[in-house]
Amino acid sequence: MTSRPNLDTAIIGAGIAGLACARVLHEAGLPVTLLEKARGAGGRMSSRRLPDAVVDLGAQFFSVRDPAFGRQVEAWRQAGCASRWPESLWSAEAAGWQRHRDDRERFIGSPRMSAVTRHLAEGLTIIADTRIEHLEGNAGRWWLVDQHGERHGPFAQVVISAPTPQAHALVAAHDASLAAACEAVIQRPCWAAWALFDEPLPTLPGVDDDWQAVRLSPGHGSSPLRFVTRNHRKPGRADQGESLSLLAHLDWSEARLEDSPETAAEALFDAFQRALPGGLALPEPRELGAHRWRYAQPDVFAGGEPVNLDYRRSASGLALCGDGWRGPRVEDAWLSGHHLGEALLADAS
Ligand SMILES: Cc1cc2nc3c(=O)[nH]c(=O)nc-3n(C[C@H](O)[C@H](O)[C@H](O)COP(=O)(O)OP(=O)(O)OC[C@H]3O[C@@H](n4cnc5c(N)ncnc54)[C@H](O)[C@@H]3O)c2cc1C
């Protein structure tokens, strides 16, 4: 008797794109299994627990351009896992700090960025701590082999939501066209540092005490910093001590890719110190650290593809989604995963 392939879909990566794809299938009653190399879901929307604070290490906020994502964000707000933020956004220019005003609404996961992905993950089957190292099989019958050599499957189709260089490593042996598409997307690196303090930051001259986040323009004293946020000024974290997330410019991160985390953290902290108005001194941080995102944000997109196609598929049952197929934001990643989920669902019905 020939064994029938099971109809499950495997999704490699439980960042927001993989989760968005999984939710479409799960809510339609189709079996789906996520496999994630980290301890939990979140990917580049993850947060880090420090002794007295939670700091966001990847995305600091998200904004809405597409109506479907707008409806999803509204649902997250209703569910209590997302809030408007920041209310007090500043920009550091050569002339000083200015309050930044525009019409764009921005949101954050509450009480931490990863609350959004945690909410999306509810009820889904996620196999964590599982790095898929290669795929075996072909059309309609795929096995996923993890870092321990364990085989997961068979699956009828495999969605890869990992950043494009990591997706490339998985598809290269199986599909030249998907591999070429991955090669055309560059994911640039970003250093993200954090600083935890025992005392509140001093009042900054000319800056309202309620400041929550500041953008630093690339020209601001050649600063390596692009964005700094105050974690205890984010929704649901008022009981925490003062802590900062300090994000580097991508160019600087690329040039300092092989620095140690200590060196990168000190450079970003010093840069913030220099960017303070009035030459003010910051208190000594109790804890200073940095995380290197080797594949932080996509920069170059493949040309010649059909307009509005923000995922890729092959006839053999492989599919790719994630921010690399659409744009460098949380919204892009969610839309890519959601649209791929809808396409897979349409095939199944
Ligand atoms: C420092 C930083 C700041 C940012 N700031 C913003 C911002 O302010 N606003 C905004 O909108 N966007 C921001 N972004 C971008 C945003 O975070 C991403 O676009 C989005 O989160 C990408 O989601 P994704 O699901 O496509 O990828 P990911 O979140 O990277 O998810 C992919 C998942 O795949 C897993 N994975 C990879 N390889 C394997 C494997 N072989 N086996 C199993 N699992 C695997 C990874 O662990 C990860 O969980 C920022 C990103 C970074 C890094």
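Which residue in β10 is the bridge partner of L34? In this predicted model, the bridge partner of L34 is I126, a residue of β10. The two strands concerned, β2 (residues 32-35) and β10, run in the parallel sense and are paired over three bridges.

This pairing belongs to an open sheet of six strands, whose order is β10-β2-β1-β14-β21-β20 and whose pairing is mixed. The sheet is bounded by β10 (125-127) and β20 (312-313), the edge strands, each of which pairs on one side only. Helix α1, which spans residues 16-27, packs on the sheet and touches β1 (9-12), β2, β10 and β14 (157-160), while the direction of α1 makes about 165 degrees with that of β2.

The cysteines were examined for disulfides, with a pair of sulfur atoms required to lie within 2.5 Å; by this rule the count comes to zero. C21 is accordingly in no disulfide, the nearest cysteine sulfur being that of C321, at 5.1 Å. With a relative accessible area of 0%, C21 is buried. C81 also counts as buried, at 6% relative accessibility. For C81, the closest cysteine sulfur is that of C21, and because the two sulfur atoms are 19 Å apart, the separation is too far for a bond.

Technical notes: Residues are numbered from 1 along each chain as its sequence is written. This is a predicted model: local features need pLDDT of at least 70, side-chain atom pairs count only at pLDDT 80 or more; totals for chains, interfaces and linings use all residues. Side-chain values use heavy atoms; hydrogens and water are left out. Two strands pair if DSSP finds at least two bridges between them. Helices (H or I, at least four residues) and strands (E, at least two) are DSSP runs, numbered from the N terminus. Contact means heavy atoms within 4.5 Å. Axes are lines fitted to C-alpha atoms, for helices over the stretch in contact, and angles run from 0 to 180 degrees between N-to-C directions. Buried means under 20% relative accessible area, exposed over 50%, partly exposed in between (1.4 Å probe, protein chains only).
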